[in-house]
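Good morning, colleagues. I should like to take you through one model this morning, beginning with the sheet and ending with a few individual residues.

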Amino acid sequence: MAAERRIFVSVNSDASPKHDDRRLGIKHAVLDRLSSAGYQPQLFFEAGLALSMPWMFQNVIGVMRRCSGAVILGLRRWRFP
């Protein structure tokens, strides 16, 4: 039996009011590439082991320990004039 190839993904939730179509497009393009490469993205509030877990450091550490790697997408949340 093959091991599950999970990858932790740190990115803003789709429900974030700060997302626009461009940021969502980037996020979903990365997630599609990971899935097509055989990985199972793990995102808090969205997918995988972290789907129904509250975001707490203890939970993040627990999910990350069950993953093969991590992807961090640093998408802007705020804009200051």
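I begin with one pair of residues on the screen: Ser 10 stands opposite Ile 72, the latter in strand S3. Please bear in mind throughout that this is a predicted model.

Let me place that pair in the overall layout. The secondary structure comprises two helices and three strands, and along the sequence these follow the pattern β-α-β-α-β. The three strands make up an open sheet, ordered S2-S1-S3, with parallel pairing. Strand S2, residues 40–42, and strand S3, residues 69–72, stand at the edges with a single partner strand each, so one side of each has no neighbour in the sheet. From one strand to the next, the twist averages 30°.

How are the strands joined? Strand S1, residues 6–10, runs parallel to S3 and is joined to S3 by four bridges. Besides the pair with which I opened, Val 9 has Val 71 as its bridge partner in S3. On the other flank, S1 and S2 pair in the parallel sense over three bridges, and there Arg 6 has Gln 40 of S2 as its bridge partner.

Is S1 enclosed or open to the surroundings? Four of its five residues are buried, so S1 is largely enclosed by the rest of the structure.

Ile 72, in strand S3, is a contrasting case to consider. Its relative accessible area is 69%, and because the threshold for exposed is over 50%, Ile 72 counts as exposed. Ile 72 also illustrates how the parallel arrangement brings together distant parts of the sequence: its C-alpha atom is 5.9 Å from that of Val 9, although 63 residues separate the two along the chain.

I turn now to helix H1, residues 21–36. This helix has 16 residues and reaches 22 Å from its first C-alpha to its last, close to the 22 Å expected at 1.5 Å a residue. Which residues of H1 are buried? They are Arg 23, Lys 27, Leu 31 and Leu 34. These four cover an arc of only 60° around the axis, which puts them on the same side of H1. The cover over the buried residues of H1 includes S1, S2 and S3. On the face turned away from that buried side, H1 carries the exposed residues Asp 21, Arg 22, Asp 32, Arg 33 and Ser 36.

Within that buried set I would single out Lys 27. Lys 27, in helix H1, has a relative accessible area of 0% and is therefore buried. What does Lys 27 contact, leaving aside neighbours within four places in sequence? Its contacts are Val 11, Asn 12, Ser 13, Asp 14, Leu 43, Glu 46 and Leu 73.

Just after H1 there is a backbone detail: Gly 38 adopts a positive phi of about 95°. A positive phi also appears at Phe 45, near 70°, and here the residue is one other than glycine. Phe 45 is located in the loop between S2 and helix H2, residues 57–65.

The loop between S2 and H2 also holds Leu 49. With a relative accessibility of 26%, Leu 49 counts as partly exposed. Residues up to four places away in sequence being set aside, Leu 49 touches Arg 6, Gln 42, Val 63 and Arg 66. Between Leu 49 and Gly 62, which are 13 residues apart in sequence, the C-alpha to C-alpha separation is 9.6 Å.

To close, some totals for the protein. Of its 81 residues, 30% count as buried. Among contacts with a separation of 6 or more, 60% are between residues 24 or more positions apart. The protein exposes about 5,900 Å², of which carbon and sulfur atoms supply 57%.

In summary, I would ask you to retain two points: the open parallel sheet in the order S2-S1-S3, and the four buried residues on the same side of H1. Thank you for your attention.

Note on methods: Residues numbered from 1 in each chain as written. Predicted model: local features only at pLDDT ≥ 70, side-chain atom pairs only at ≥ 80, totals over all residues. Heavy atoms only, no water. Pairing = 2+ DSSP bridges. Axes fitted to C-alpha atoms, helices over the stretch in contact; angles between N-to-C directions. Buried < 20%, exposed > 50% of the residue type's maximum accessible area, 1.4 Å probe, protein only. Contact = heavy atoms within 4.5 Å. Areas by Shrake-Rupley, 256 points an atom, 1.4 Å probe, with all protein chains shown as cover. Expected span 1.5 Å × (residues − 1). Arc of directions from axis to C-beta.
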